[in-house]
Amino acid sequence: MKRIESILTRHPCYAAGRTIAIKGLMLHSVGCSQPSASVFVREWNNPGYERACVHAFIDGSTGDVYQTLPWDYRGWHCGTGTSGQSANNTHIGIEMCEPACIAYTGGTSFTFVCTDLPAAKAVAKRTYETAVELFAVLCRRYGLDPLGDGVILSHTEGYSRGVASNHSDPEHLWNQLGMGYTMDGFRMAVQAAAERENAAAVSPPESSPHRN
């Protein structure tokens, strides 16, 4: 996983400088046919962009992580839920970029504007796998249990819990592409990746061959 620091220093969310006690991670999908993370970074890094602000984008073409806020900053990634509460106050928000060859027709529905379905699926697979790796790293860093209740959520699940606005990502993308991914499967994949991270951290280094 390659991380590219691209902090949105001109964004009003960054300027606000509010921090949070990190209790979880929320997975998003951008909701438009744009695989390039750098496009979002360029558009959002200005003082007039007040609609949203996330902690990172995952590029659809490379799988690179563009970090756009310090991890403990309060982002603007999920709005307020029906409970009056917001996971912006507790969760890091990560956006996965989406394939270029889809066209949204309204809401969360889209059609294909190309015939290369395997290419579109490859973008979704690439961002999913990077998200697994990134979430494992963040869980380990902040002592989070990937399988804990409410620790890892999608935007959809956040809405169901009353802590996020009414969005359907990222499940809408996975379902319509026929990826077979689920959030339960994602959480289990993060847990497995975190266990591998932990095992690597505690394993003793291989001894060097003795030389006389």
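Which residues are buried in helix H2 (residues 37-44)? The first legend takes up this point, and the legends after it turn to other parts of this predicted model.

**View 1. The buried residues of helix H2 and the strands they pack against.** In helix H2, which spans residues 37-44, the buried residues are Ala37, Phe40, Val41 and Trp44. Seen down the axis of H2, these buried residues fall within an arc of 100 degrees, so they line one face of the helix. An α-helix has 3.6 residues a turn, so residues three or four places apart point the same way. The buried residues of H2 pack against S3 and against strand S4 (65-67).

**View 2. Strand S5, covered on both faces, and its pairing with S2 and S3.** Strand S5 is mostly covered, with six of its six residues buried. On one side of the strand are His91, Gly93 and Glu95, and on the other are Ile92, Ile94 and Met96, and the residues of both sides are all buried. In a regular strand the side chains alternate between the two faces of the sheet. S5 runs parallel to S2, to which it is joined by six bridges, and Leu27 stands opposite Ile94 in S5. S5 also runs parallel to S3, here with three bridges joining the two strands, and Glu95 in S5 is the bridge partner of Phe57.

**View 3. The largest nonpolar core, with Ile152 and Phe186.** This core contains 36 residues, and Ile152 and Phe186 are the ones that touch the most other members. The elements that contribute two or more residues to this core are strands S2 (24-29), S3 (56-58) and S5 (91-96), together with helices H3 (117-142), H5 (171-177) and H6 (183-202). Helix H3 provides the largest share of this core, namely 10 residues. Apart from this core lies another one, of 16 residues, and among them are Cys13, Ala37, Trp44 and Phe57.

**View 4. The surroundings of Ile152.** When its neighbours within four places in sequence are left aside, Ile152 is in contact with Leu25, Phe135, Cys139, Pro146 and Val190, and also with Glu157, Met183, Phe186 and Arg187. Of these contact partners, Glu157 and Arg187 are both buried, and the two form a salt bridge with each other, as the next legend describes.

**View 5. The salt bridge between Glu157 and Arg187, and the network around it.** The closest N and O atoms of Glu157 and Arg187 are 2.9 Å apart in this salt bridge. Glu157 lies in helix H4 and Arg187 in helix H6, so the pair ties together parts that are 30 residues apart in sequence. Salt bridges that share partners join Glu157, Asp184 and Arg187 into one network.

**View 6. Glu171, a buried residue without a salt bridge, and the cis peptide bond at Pro170.** Glu171 has its place in helix H5. Although Glu171 is buried, it has no salt bridge, and the nearest side chain of opposite charge, that of Arg187, is 7.0 Å away. Not counting residues up to four places away in sequence, Glu171 touches Ser154, Thr156, Glu157 and Met183. Asp169 and Pro170 are joined by a cis peptide bond, for which omega is about -5 degrees, and Pro170 is placed in the loop between helix H4 (155-160) and H5.

**View 7. Two further salt bridges, Asp149 with Arg161 and Glu5 with Arg3.** The structure holds six salt bridges, including that of Asp149 with Arg161, in which the closest N and O atoms are 2.5 Å apart. This pair links distant parts of the chain, with Asp149 in the loop between H3 and strand S8 (152-154) and Arg161 in the loop between H4 and H5, 12 residues apart. Asp149 is exposed, with a relative accessible area of 68%, whereas Arg161 is partly exposed, with a relative accessible area of 41%. In the salt bridge of Glu5 with Arg3, the closest N and O atoms are 3.6 Å apart; Glu5 is exposed, with a relative accessible area of 58%, and Arg3 counts as partly exposed at 44% relative accessibility.

**View 8. Gln85 in the loop between S4 and S5.** The C-alpha atoms of Gln85 and Tyr159 are separated by 10 Å, and these residues are 74 residues apart along the chain. Leaving aside its neighbours within four places in sequence, Gln85 is in contact with Thr80, Gly162, Val163 and Ala164.

How values were computed. Residues numbered from 1 in each chain as written. Predicted model: local features only at pLDDT ≥ 70, side-chain atom pairs only at ≥ 80, totals over all residues. Heavy atoms only, no water. Core = buried A, V, L, I, M, F, W, Y, C linked by side-chain atoms within 4.5 Å. Buried < 20%, exposed > 50% of the residue type's maximum accessible area, 1.4 Å probe, protein only. Helix = DSSP H or I, 4+ residues; strand = E, 2+ residues; numbered from the N terminus. Contact = heavy atoms within 4.5 Å. Arc of directions from axis to C-beta. Pairing = 2+ DSSP bridges. Lys, Arg positive; Asp, Glu negative; His and termini not counted. Salt bridge = Lys/Arg side-chain N within 4 Å of Asp/Glu carboxyl O.
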